[in-house]
Structure formats: C-alpha cells, structure tokens
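Take a look at the protein below and turn it around a few times. We'll walk through it piece by piece, and you can follow along in the viewer.

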Amino acid sequence: MSENTTAEAAPKVGFVSLGCPKALTDSELILTQLSAEGYTTSKTFEGADLVIVNTCGFIDDAVKESLDSIGEALSANGRVIVTGCLGAREGEGGGNLVRQMHPSVLAVTGPHATQEVMDAVHAHLPKPHDPFVDLVPAAGIKLTPRHYAYLKISEGCNHRCTFCIIPSMRGDLVSRPVGDVLKEARALFESGVKELLVVSQDTSAYGVDTKYRTGFFDGRPVKTRMLDLVRELGELARPYGAWVRLHYVYPYPSVDEVVPLMATGAVLPYLDVPLQHSHPDVLRRMKRPASGEKNLERIRAWREACPELVVRSTFIAGFPGETEAEFQDLLDFVREAQIDRAGCFAYSPVEGAAANDLPGMLPAEVREERRARFMEVAEQVSAERLHRRVGATMQVLVDSAPGLGRKGGVGRSYADAPEIDGTVRLLPPEKLSKQLKVGEFTRARIVATEGHDLVGMPI
Ligand code: SF4
C-alpha cells in the first residue's frame with residue numbers, strides 16, 4: 001500500500017456495498033464521486049489502497065454480516081472506512097458500535113454521507129492531481145474581496161412568515177453537512193479570509209432538518225447543530241486570528257448557549273437577529289419564528305452574558321393591521337433593547353405572500369411615515385451607542401488603504417458587518433512606520449463618530 005500516487009497508477013479503492021436500495025444509492029453516489037475525482041474502484045480488496053464498507057444495521061443478521069465484512073476487509077487490507085446505517089449505531093455505553101468492535105478502522109460515518117466519506121478518503125488517500133479541478137480554489141470561486149467571505153450553511157426555510165415567499169421558491173430547510181461546511185471554512189481561512197460571515201435563511205435552525213445528525217470532520221464526530229458548528233468555526237478561525245460573524249439568528253433559547261462563545265472571543269460578539277417587530281400580535285400575524293419568545297428579556301440576558309454584544313436587526317413598519325399602539329410598542333422596544341444597528345422597511349406587499357390577504361392594509365403614506373419615525377428613534381439609539389466607543393481602542397479590519405494607508409483608509413470593527421453596517425474611517429497614521437494593508441488588522445484609537453461611522457487613529 002502506498003500514499004504516493006502517480007499519473008500512471010491511479011489510487012484504487014475497494015468497495016463493499018451491503019444493505020437496502022437506499023444504501024445502494026449511497027454507494028452509487030460515493031462511487032460516482034470517486035470516479036469523478038480520478039480514483040479507480042473495484043469490488044475486491046486485491047491491490048486496493050483502501051477499502052470502503054457501506055454497511056447495514058437494520059436487523060441482527062445484517063449487523064453481523066456488516067461487522068464480519070469490516071473484519072474481513074481489515075485483515076485483507078488493513079485500511080478501512082466504514083459508512084452506512086451501522087456506522088450511526090451506538091454500542092454499549094453510548095460509544096460508536098463499529099469503533100467498539102473494530103477500533104482500527106480509519107473513519108466511520110452514518111448513511112447519506114458522501115462528502116464525509118470523500119473527506120475521509122482524501123485524508124488517507126490523496127486524490128490524483130487534476131489540472132482542471134485543481135485550478136479552482138478549494139473553497140470554490142468567491143465574489144467577495146479576498147479577506148472576507150460568506151459561508152452558506154443551509155438553503156431554504158421551514159417557516160412560513162406571511163410576508164415572505166422564500167420558502168415557496170427555495171423549499172424547506174436543507175442543512176449542508178457539517179463536515180462540508182467546516183471543510184469550506186478551513187479552506188477559506190487557508191486562502192487568506194480574515195472574516196467569515198455565516199449566512200442562511202435561519203442560522204439558529206441549522207440541523208433541524210437532519211434531526212441534528214452527527215456528521216464528521218477530520219474523522220471526529222460533530223453534530224449538525226448551530227452551537228457545535230459555531231464552536232468548531234471558532235476553533236478553525238483561531239490560528240488565523242480571523243473573525244466569525246453570525247447572521248440571521250432567531251432569538252430561540254438555543255442561542256443562549258452560543259452567546260458565551262462570544263464572551264470568550266471564539267466568535268465575534270455580534271448577532272444579526274431579524275426581529276421584524278416587537279408586538280406579539282403583529283409577530284403572530286407575521287407568523288414569525290420565535291414569536292412567543294420574550295425578546296427584550298432575552299436580549300438583556302445576552303448582554304449580561306456578553307456586555308460587548310452588538311445586535312443588528314431589521315424591522316417592518318406598517319404591517320397590515322398594525323395599530324398606532326402596536327407601532328409605539330416597536331419604538332419602545334428599539335429604545336429598551338438598545339438595538340445597535342437597525343434597518344426598517346415600510347411594509348410592501350410581495351406578490352404571492354399570504355400577508356396580502358390580511359385585513360387592515362394601511363395606506364402607503366402611513367407605512368412610510370412610520371418607517372421614517374422608526375428610523376429617527378433607531379438612529380438616535382444607534383448614535384448614542386456608537387458615541388460610547390470614543391476613547392476606546394478597537395481592532396479594525398482594513399478594507400481599503402490606498403498607498404499603504406499614508407492618507408488613511410477605511411476598515412470595520414467587530415461591530416460592523418460589510419455592506420450593511422458602518423465603517424471605521426482610519427486617519428493617516430501618526431507614526432511614519434505604521435502601514436495599513438487591505439485584509440489585515442490594525443488597532444485604532446477611536447477619536448470621533450461620523451453618522452453611522454467611527455473615526456479612528458491607527459496605532
Ligand atoms: S422571512 Fe420567515 S419564511 Fe422567509 S426566509 Fe425568513 S424565516 Fe423563512
């Protein structure tokens with residue numbers, strides 16, 4: 001067996017497929033991917049560089065057959081990756097059954113885990129060089145500047161907010177396998193990304209569709225769950241000193257567990273929580289996720305656990321049936337919750353949205369007038385909170401710095417997501433030796449505010 005692969009001898013993977021038609025489909029997907037990447041495959045162990053056993057764990061006989069096959073593959077070849085239903089079975093004391101019975105296997109995954117299996121194959125049998133595929137960066141082609149990138153963790157949404165048609169276009173929530181997400185994140189950090197922006201339609205729901213299935217990353221089990229994902233992303237970012245920023249997080253109780261990770265600096269103390277409204281009746285008419293939650297109390301508790309926390313949110317003013325009292329509730333909420341950054345839309349009907357049929361559509365002038373009143377209050381809160389930064393020293397990620405910053409530059413602190421929040425205008429450094437470089441961090445002493453932005457002296 002050799003880890004060295006040459007163009008003449010493509011790496012060879014032996015494959016054993018057991019179980020039902022669903023398992024067979026999984027095998028087909030893995031075999032297709034192996035072939036696409038230039039591996040040769042065979043049904044025997046003869047001359048194979050490693051063996052994959054796709055198992056079944058349905059009835060006792062199937063379990064026995066699967067365990068026997070793993071044993072045979074281990075004695076004939078020694079390098080075995082196990083996938084399939086048996087891979088997901090618990091053994092005595094809650095450990096993994098396959099690992100308990102055959103501790104020397106290279107990796108174990110559950111069913112429907114093509115990517116995790118491929119990750120394990122890559123880890124133990126590097127794929128052959130392909131000049132076409134290898135020209136594409138490991139993290140895929142990105143349209144953002146090199147130093148920040150969006151990381152999509154799921155597609156679709158299980159909610160049915162009455163003003164939104166996204167689920168009808170994109171379908172229900174489908175979470176990406178956690179191993180894939182983490183692999184992409186690592187590739188992004190390796191390629192120089194200093195800020196990773198986690199996006200989805202509902203980041204806090206990550207993994208709900210998979211029942212928080214255990215996936216694999218680097219041969220380790222990791223749950224498909226927001227808390228676990230965020231913890232792992234923080235770990236991956238640490239050696240690069242990079243930032244991880246969370247967007248579209250709903251105020252579910254589960255987020256309470258993520259906030260301490262922000263307090264320790266593992267991920268940025270920044271939450272983009274699209275609240276849309278404060279009044280429970282409006283939230284119910286909107287059919288918002290977490291509409292029964294006590295958002296004000298929750299945000300206060302988050303701030304107690306992590307005083308640096310910055311909360312960004314978006315709101316809708318003038319939703320059908322919104323009374324003046326309900327709107328006042330929203331204004332009070334923004335003041336009391338001290339929302340750092342708020343955006344607001346005047347309600348506008350979207351074709352196909354259920355809210356169009358709700359009674360009490362407000363005239364356009366009322367909707368617009370409420371939006372303007374909302375923004376006045378929100379900007380006041382935001383300005384006050386921003387002003388507290390004056391005198392502080394902040395870490396700033398430089399987005400632009402012509403001439404290495406001799407005439408200053410523009411960057412962002414942890415409180416500013418790209419495109420949607422403010423910036424830090426960087427003054428020309430006092431120290432002649434100080435240079436500013438795009439995509440690198442600098443420390444800056446905040447000397448003033450300017451609208452939504454801060455002004456800082458690089459130090
Ligand atoms: S607005 Fe509601 S339905 Fe639309 S994507 Fe967001 S959570 Fe899902």
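Here is a short tour of the annotated cysteines, the strands, the aromatic rings and a couple of backbone oddities.

First, some ground rules. This is a predicted model, where local features need pLDDT of at least 70, side-chain atom pairs count only at pLDDT 80 or more, and totals for chains, interfaces and linings use all residues. Residues are numbered from 1 along each chain as its sequence is written, and side-chain values use heavy atoms, with hydrogens and water left out.

## The annotated cysteines

In an unreviewed UniProt entry, the annotation "binding site" covers Cys20, Cys56 and Cys85. The entry also lists Cys157, Cys161 and Cys164 under "binding site". UniProt positions are given in the numbering used here, feature names are shortened, and annotations may be inferred rather than shown by experiment.

Let's zoom in on Cys85. You'll find Cys85 in the loop between strand E4 (80-84) and helix H3 (97-101). Those labels come from DSSP runs: helices (H or I) have at least four residues, strands (E) at least two, and the numbering starts from the N terminus. Is Cys85 buried, exposed or partly exposed? Cys85 has a relative accessible area of 38%, so it is partly exposed. For reference, buried means under 20% relative accessible area, exposed means over 50%, and partly exposed is in between (1.4 Å probe, protein chains only).

Which residues does Cys85 touch, leaving aside its neighbours within four places in sequence? They are Thr55, Cys56, Gly57 and Pro111. Contact here means heavy atoms within 4.5 Å.

Now jump to Cys161, in the loop between strand E7 (154-155) and helix H5 (166-170). Cys161 counts as buried because its relative accessibility is 9%. Not counting residues up to four places away in sequence, Cys161 touches Met286, Lys287, Arg288 and Pro289. Cys164 lies in the loop between E7 and H5 too, but Cys164 counts as partly exposed at 27% relative accessibility.

## Strands side by side

Next up, the sheets. There is an open sheet of 5 strands in the order E2-E1-E3-E4-E5, with parallel pairing. Strand E2 (40-42) and strand E5 (107-108) stand at the edges with a single partner strand each, so one side of each has no neighbour in the sheet. Two strands count as paired if DSSP finds at least two bridges between them.

Further along the chain, strand E16 (residues 393-400) runs antiparallel to its partners E19 and E17. Here are some of the pairings, with one facing pair of residues for each:

| Strands | Sense | Bridges | Facing residues |
|---|---|---|---|
| E3 (50-55) and E4 | parallel | 5 bridges | Thr55 and Gly84 |
| E16 and E19 (441-450) | antiparallel | 5 bridges | Gln395 and Arg443 |
| E16 and E17 (409-412) | antiparallel | 3 bridges | Ser400 and Val410 |

Helix H2 (residues 60-76) lies across E3 and E4, running at about 180° to E3. That angle is taken between N-to-C directions, on a scale from 0 to 180 degrees, with axes fitted to C-alpha atoms (for helices over the stretch in contact).

## Rings and charges

How many aromatic pairs does a search of the whole structure find? There are 8. Rings of Phe, Tyr and Trp (its six-membered ring) pair if their centres lie within 6.5 Å; planes under 30 degrees apart are stacked, over 60 edge-to-face, and the rest tilted.

Tyr250 and Tyr252 have ring centres 6.4 Å apart and planes at 65°, so this pair is edge-to-face. Both Tyr250 and Tyr252 are buried. Phe319 and Tyr347 are also edge-to-face, at 5.2 Å centre to centre and 80° between the planes. This pair links distant parts of the chain, 28 residues apart. Phe319 and Tyr347 are both buried, and together with Phe163 they form one aromatic cluster.

Some rings have a charge over them. Arg245 has its charged end over the ring of Tyr270, 4.4 Å from the centre, while Arg412 lies over the face of Tyr148 at 5.3 Å from the ring centre. The rule is that NZ of Lys or CZ of Arg must be within 6 Å of the ring centre and within 35 degrees of the ring normal.

## Two backbone oddities

Most residues other than glycine have a negative phi. Lys211 has a positive phi of about 55° although it is not a glycine, and Asp218 has a positive phi of about 55° as well. Lys211 is in the loop between strand E9 (195-199) and strand E10 (214-217), and its relative accessible area of 73% makes it exposed. Asp218 lies in the loop between E10 and strand E11 (220-223).
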